[in-house]
Amino acid sequence: MYREKLEVWLDSPFVDESLKEELKKIEKIESEVEDRFYRELEFGTGGMRGKIGAGTNRMNFVTVAKATQGIADFLNEKYTDGNISTAIAYDSRNMSREFASKAAAVFAANNIKVYLFESLRPTPELSFAVRHFGCKAGVVITASHNPPEYNGYKVYDQFGGQVVGDADEIIMKINSVKLKDIKTSEDSSKIVMVGNELDTVYINKVKSLSIRDDVDKNINIVYTPLHGTGNMPVRRVLQELGYKNVTVVKEQEEPDPMFSTVKSPNPEEISAFEIAIKRAEQGGGEIIIGTDPDCDRVGLVVKDGDGSYVPLNGNQTGALLLNYVLSSMYEKGKIPADGAVIKTIVTSEIGRAIASKYNVANFDTLTGFKYIAEMMQQFEDTEEHSFIFGYEESYGYLAGTFVRDKDAVIASMLICEMAAYYKKKGSTLLDALKDIYREHGYYIEETVSLTFAGSTGQNKMKAIMENFRENKPSSFAGKSILHVYDYKMGTSLNLLNGKTEHLDYPKSDVLKFCFEDGSWLVLRPSGTEPKLKIYFSINEENESKSTQVLENTKKEILSAIDRIQINN
């Protein structure tokens, strides 16, 4: 089957010669041909993402044009008045600008107006642009924090969130597009270039979310954009708000598609902060923040009492931000009676405890910020709740409603303000986190990612999920399992009484095992990478016990996974 697809590409007049030359060089390498053509790039929690290169399972001009044509077909059928526009942004990755231009040309050829950013911009600014310009859709060319050989394609709806409700129909449209169906045009009359004027509108909106001005703005901040899109907006926000002591890591300031100073441009990995920590040590940095290439995630490293630097995970930073936002709003009498926060099902339960303290409702969604955005829109439509804050364990946070995706510009501003607030009180973020643990219990979380590449890897992941779905464990590390939530089957099973209840969530291949004490673990195949993710959340009375139970639980489930075989 994949050989037939290869021949189609080699013979097609719609595939450019550079891609054909690349394919000719590998056409006798069976494993390489299979990997490039055994499937189409799939849309997952973050859209379409893959290695750059020739083939249906790669990011290239053909796959980008095919996806864009499918979206254009969907838009032209859904909106028949002809008044359709889209917005397109891109990051600092290899081919991002070129793929964005190709997408713009395809939309234009389908009589769809395009607002195309003139240079790289953060993903959240694209979400803002969709709403600002009244677009029916948006596209960002990015692979977020993936290695340099990757790029991707995120699709946004008219509300500024990544597509959810129309996703299946859009995917069907994309899958039905033949190479001969793709339209493209060199006519730029439908393309409007977007420049600095929108930056100012967006930055002013971000600054409006500042809660306190009476903080110590001399706090020593070290910032690294990790060669991505955050450099301009994050620095500008902090400067305009009066932070006087911000040091930018020069080696990582400029856009670099190879991300040559880091092993991975991922603020979830402490190795990405090696240079920033050295700068902080030299200059007395009190906090370090780092944003990923498309600036929707932010990582935080904090100086402790003995002068060393401690990285905080996404759950810890999220708990700090949520506690700061709610406590500050409570102090100022600004918490709405119908206020609500939203987190994902793999995010720590400490957020629920914090929200409960301030009588704020807590809602859970499936993994992926698009589901948080979807619930935000539901709040707006029904007027039943007022959105205050949303976050996920994977370093994504959002306040305000003018953006409908995680926003590291907003989060960076709030983190710096929060740290400056505690500094003025003679405290640190680590002190604040300890206070939260003392009040709500010691929560410890970890995510383990197992890589399963190629078609064999896909089969292995399916076998793992099927095994745990059919042979549900009753305990891990001495902890009894009370509930099993199967989001693919839409069921919640109580293992004590055998009763099954319906789950009101979209279908997703996720299993969550909840222990009697509120701890849990989750199995979830990634929607954008060839990985199986295992999320752990353990709650005990102290750090030592939580850590020991976590290690025992990890050991047991990884051993169980190793024993699972693929059925031939």
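## Two helices that cross

Let's start with a helix pair: the axes of α2 (residues 17-26) and α3 (residues 30-37) come within 8 Å and cross at roughly 140°. Keep in mind that this is a predicted model. Angles over 145 degrees would count as roughly antiparallel, and α2 and α3 are therefore oblique to each other.

Who does the touching? On the α2 side you'll find E22, L23 and I26, and they meet E32, V33, R36 and F37 of α3. Sorted by class, the contact of α2 with α3 has four nonpolar and three charged residues, with no polar ones.

## M48, tucked into a strand

Next stop is strand β2 (residues 47-51), the home of M48. Is M48 buried or exposed? With a relative accessible area of 4%, M48 is buried, since buried means under 20%.

Setting aside residues up to four places away in sequence, M48 touches L41, E42, F43, M59, T63, A67, N151, G152 and Y153. For a sense of scale, take N467: M48 and N467 are 419 residues apart along the chain, and their C-alpha atoms are separated by 28 Å.

## N315 and its partners

Now look at helix α11 (residues 314-331), where N315 sits. N315 is buried too, and its relative accessible area is 7%.

What does the side chain of N315 reach? It's the backbone nitrogen of S348, at 2.8 Å. Beyond its neighbours within four places in sequence, N315 is in contact with T347, S348, E393 and E445.

## Helix α13

Helix α13 covers residues 369-382, which makes 14 residues. At 1.5 Å a residue it should span 20 Å, and its end C-alpha atoms are indeed 20 Å apart, so the two values agree.

If you want to see which parts of α13 are buried, pick out F369, K370, Y371, I372, A373, M375, M376, Q377 and F379. After α13 comes E383, which has a positive phi, near 60°.

## Helix α14

The last helix on this tour, α14, has 17 residues (408-424). Its expected span at 1.5 Å a residue is 24 Å, which agrees with the 24 Å between its end C-alpha atoms. How many of the residues of α14 are buried? The count is 15 of the 17, so α14 is largely enclosed by the rest of the structure.

Check out the ends as well. D407 caps the N-terminal end of α14, with a side-chain oxygen 2.8 Å from the backbone nitrogen of V409. Following α14 there is G426, whose phi is positive, near 80°.

How values were computed: Residues numbered from 1 in each chain as written. Predicted model: local features only at pLDDT ≥ 70, side-chain atom pairs only at ≥ 80, totals over all residues. Heavy atoms only, no water. Axes fitted to C-alpha atoms, helices over the stretch in contact; angles between N-to-C directions. Helix = DSSP H or I, 4+ residues; strand = E, 2+ residues; numbered from the N terminus. Parallel < 35°, antiparallel > 145°, perpendicular 65-115°, else oblique. Contact = heavy atoms within 4.5 Å. Nonpolar A, V, L, I, M, F, W, Y, C, P; charged D, E, K, R; others polar. Buried < 20%, exposed > 50% of the residue type's maximum accessible area, 1.4 Å probe, protein only. Polar contact = N/O pair within 3.5 Å; in protein donor to acceptor, adjacent residues only side chain to side chain. Expected span 1.5 Å × (residues − 1).
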